[in-house]
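Thanks, everyone, for making the time this morning. I would like to walk you through one structure, so please have a look at the screen before I go on.

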Amino acid sequence: ASGEDSGSGGTLVMATNAEFPPYEYHEGDEIVGIDADIAAAIADELGMELKIEDMAFESIITAVSGGKADMGLAGMTVDPDRLKNVNFSDTYAEAAQMIIVKEGSDIAGVDDLTGKKIGVQLGTTGDIYAEDIEDAEVERYNKGMEAVQALQQDKIDAVVIDGEPAKVFAAENEGLKILDEPLTEEEYAIAIAKDNDELLEKVNTALANLKDSGKLDEIIGKYISA
Ligand code: ARG
């Protein structure tokens, strides 16, 4: 990684988990999505070259805090536990944990999840919240899509996952629906090592510029239709 030379020039390494459309996903050999575009725009503002490292979601915080990556962009929710290990930039998107069920399911809302088998992506906020549901059995998958497929195959009763990937996955798998009531409201931000205040400041300045110029809305609009 390039923590040392994150001043001018050099490489800016982004850690992500490209299993989370529309924020990051594979398109052929490339990793694309809202976060990839935001990271490219930030690298551009800093005069640096972006390099994307794809890894398990639960490895991202360690990669950033250990200096293997300069920043984590992964639709990552600002969360008090994570703040013990990394800093977060200003937020760049609002999100919610949503519940996906099969059409015809008797689960109509959060309260009906008691005692159910709930699928989540390992290490996500969906995992953390599902864990708190009374008598629920939490099934953890490496990819959100695997949880959704397990739901379709009746191996589990519901999936708890962020709203935007929920829409993509539900559209790709027949017979599923997303419940109206969100489980949580969250905000996404960029994870940066605690000892790298210099980069944190630069990223926040770059983000502010992207917000002011309308470029951030443009990036989001490219992947999410209003
Ligand atoms: N927002 C959730 C979290 O922070 C899920 C993020 C999953 N991101 C990913 N690229 N797989 O835990």
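What I would put first is the position of the ligand: because domain 1, residues 3-93 + 188-223, and domain 2, residues 95-184, both give residues to the shell around the ligand, it lies between them. Please keep in mind that this is a predicted model.

Staying with that shell, there are 15 residues surrounding the ligand, and the closest are N17, F20, A74, T77 and T124. Sorted by class, the shell is made up of seven polar, five nonpolar and three charged residues.

Turning to the domains themselves, the chain is divided into domain 1, which is built from the two segments 3-93 and 188-223, and domain 2, which covers 95-184. Their C-alpha centres are 26 Å apart, and to the contact between them domain 1 gives 13 residues while domain 2 gives 14 residues. On the domain 1 side, the residues that touch domain 2 comprise eight nonpolar, three charged and two polar ones.

Lastly, a word on confidence. Taken over the chain, the mean pLDDT is 95, with 96% of the residues at 70 or more, but over residues 1-7 the pLDDT is below 50, although this stretch does have 19 contacts in the model beyond near neighbours in sequence. Where pLDDT is low, the predicted coordinates should not be read in detail. As for the scores of the model, the ipTM is 0.98 and the pTM is 0.94.

I am happy to take questions.

Methods:
Residues numbered from 1 in each chain as written. Predicted model: local features only at pLDDT ≥ 70, side-chain atom pairs only at ≥ 80, totals over all residues. Domains from an automatic or database assignment. Contact = placed C-beta atoms within 7 Å. Nonpolar A, V, L, I, M, F, W, Y, C, P; charged D, E, K, R; others polar. Near = placed C-beta within 6 Å. pLDDT = per-residue confidence, 0-100.
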